[in-house]
Amino acid sequence: MILEPPIKKSIERTKKKSIEKPIRKIIRKRVSNVINDNVFLKKIIIKTAGEKVATFISDQVDLTRDKTILLLPFNDEFYDNNNIGVVRTIIDLKIVNHNENIKKYFRYVNNSLPDGGIYVGCVESHTERRRRLFVKYPRFIAPIISVSDFILHRVLPKLVLTKFLYDLFYKKKYNVISKAEILGRLSYAGFEIIGHEKINNLFYFSVIKTKEAVKEKDPNFGIIFKMNRIGENGKIIGVYKVRTMHAYSQYIQDYVVKLNGYNKSGKPYKDFRLTRWGRIIRKFHLDEIPQLLNVLKGELNIVGVRPLSKFGYQSLPEDLQKERIKYKPGCIPPNISLGITGFNQVILAEKIYLRQRKKYGIIINVKYFFMALYNLARRKTSSS
């Protein structure tokens, strides 16, 4: 379900400078003379979702902006504070989880807004869902129900053999989704994140349209998947990895870095995109093992500069960008071999390696390989 028919029509008609007659009657009956009263609009939000939600929305959106549409979570009704012209702001108090196809839903919202248009919505992430289950059920049984719920709604939908059955029985009812995935899906749909906050055990977000939705194949949900990375001569290659992050996480890497910066390992600090088991897998570098497939395909070396995403590559100094694409990236990066951590130190390690690579040729990789084994054995390095 993309949008419930009355809601879909309300946005389409408003965009066409017209509103369907039955909807117009609802507005006249419910809000009559105060349709352009933004104080009244805030009162509706308070009555529907509470004071904290109204405050969050007021902080994110200027409610005095015209052409704002408010979608309510009951009876598919809406209030529009200016029913003439193109909608510029959509405040959606319907929980996103209830949409059958979230991707199409976000794409439709994107298409309904002009550039710079703002969308505010809410979702129950799997973290909030888990908390709700622990409140709902007795303490001794809540953990069992929580684990069962996780397997049913987070694992089975991702497996090829069980996805069809899950879709058949559950997909049309409720989507269980993570915080990282919902923000990633919004970015994938052409939005830039403004802010987010947990309120009343729901995750509220505000985003602004900066582009059209991404036109590429949907991300893989499998345990082993490919990530687009910049290889030799700037060629884009698909690097195999064990999944350690929630799906769609790659689309918000820049947001996470801007939010928290880098940790001592040169990776995003306080990275909420990581799954619980992903942190353990990364600690022992197990997520890198599938990259051996890239080595067999001739896309990677065993040792070399780390294969980076476009965002990671562009965050490097220009001279380093030009030098590193002269060679194949590697499974084992120079900082592991040199036993140093920290974002600036990772850059320094790459510069040292590239100077030696240029001077001694590929034979230097043998030295760096055994240095890396020594440091890994001593657990002197970390990939977390």
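The exercises below, each with a worked solution, explore a predicted model of a protein chain.

**Exercise 1. Describe how strands S7 and S8 are joined, and find which residue stands opposite Ile 230.**

Solution. Begin with the two strands themselves: S7 covers residues 224-230 and S8 covers residues 236-242, and the two run antiparallel, joined by seven bridges. Next, look at the end of S7, where Ile 230 stands opposite Ile 236 in S8. Finally, turn to the hairpin that these strands form, which has five residues between the strands, and note that Asn 233 takes a positive phi near 60° there.

**Exercise 2. Decide whether Glu 181 is buried or exposed, and list its contacts beyond its neighbours within four places in sequence.**

Solution. First place the residue: Glu 181 belongs to helix H9, which spans residues 179-188. Its relative accessible area is 5%, and because buried means under 20%, Glu 181 counts as buried. Once the neighbours within four places in sequence are left aside, Glu 181 is in contact with Arg 154, Phe 221, His 246, Ala 247 and Tyr 248. As a last step, consider Met 245, which is 64 residues from Glu 181 in sequence, while the C-alpha atoms of the two are 9.2 Å apart in space.

**Exercise 3. Locate Arg 273, and identify the side chain with which its own side chain makes a polar contact.**

Solution. Arg 273 is found in the loop between helix H10 (253-260) and helix H11 (276-283). Although it sits in a loop, Arg 273 is buried, with a relative accessible area of 3%. Its side chain makes a polar contact with the side chain of Asp 271, at 2.8 Å. Leaving aside neighbours within four places in sequence, the residues in contact with Arg 273 include Ala 180, Thr 244, Met 245, His 246 and Pro 268.

**Exercise 4. Work out how the rings of Tyr 188 and Tyr 248 are arranged, and what their pair ties together.**

Solution. The count of aromatic pairs comes to 12. In the pair of Tyr 188 and Tyr 248, the centres are 5.3 Å apart and the angle between the planes is 80°, and since planes over 60 degrees apart count as edge-to-face, this pair is edge-to-face. Tyr 188 lies in helix H9 whereas Tyr 248 lies in the loop between S8 and H10, so the pair ties together parts that are 60 residues apart in sequence. Both Tyr 188 and Tyr 248 are buried.

**Exercise 5. Carry out the analysis for Tyr 353 and Tyr 368, giving the geometry of the pair and the helices it links.**

Solution. The ring centres of Tyr 353 and Tyr 368 are 5.2 Å apart and their planes stand at 75°, so this pair is edge-to-face. The pair links distant parts of the chain, with Tyr 353 in helix H16 (residues 343-360) and Tyr 368 in helix H17 (residues 364-377), 15 residues apart. Tyr 353 is buried, at 1% relative accessibility, and Tyr 368 is buried as well, with a relative accessible area of 1%.

**Exercise 6. Examine helix H5, asking which residue caps its N-terminal end and which of its residues are buried.**

Solution. The cap at the N-terminal end of H5 is Asn 101, whose side-chain oxygen lies 3.2 Å from the backbone nitrogen of Lys 103. Within H5, residues 102-112, the buried residues are Ile 102, Tyr 105, Phe 106, Tyr 108, Val 109, Asn 110 and Ser 112. Tyr 105 and Phe 106 also take part in a cluster, in which ring pairs link them with Tyr 119, Phe 191 and Phe 205.

Terms used
Residues are numbered from 1 along each chain as its sequence is written. This is a predicted model: local features need pLDDT of at least 70, side-chain atom pairs count only at pLDDT 80 or more; totals for chains, interfaces and linings use all residues. Side-chain values use heavy atoms; hydrogens and water are left out. Two strands pair if DSSP finds at least two bridges between them. Helices (H or I, at least four residues) and strands (E, at least two) are DSSP runs, numbered from the N terminus. Buried means under 20% relative accessible area, exposed over 50%, partly exposed in between (1.4 Å probe, protein chains only). Contact means heavy atoms within 4.5 Å. A polar contact is a pair of N or O atoms within 3.5 Å; within protein, one must be able to donate a hydrogen and the other to accept it, and residues adjacent in sequence count only if both atoms are side-chain atoms. Rings of Phe, Tyr and Trp (its six-membered ring) pair if their centres lie within 6.5 Å; planes under 30 degrees apart count as stacked, over 60 as edge-to-face and the rest as tilted.
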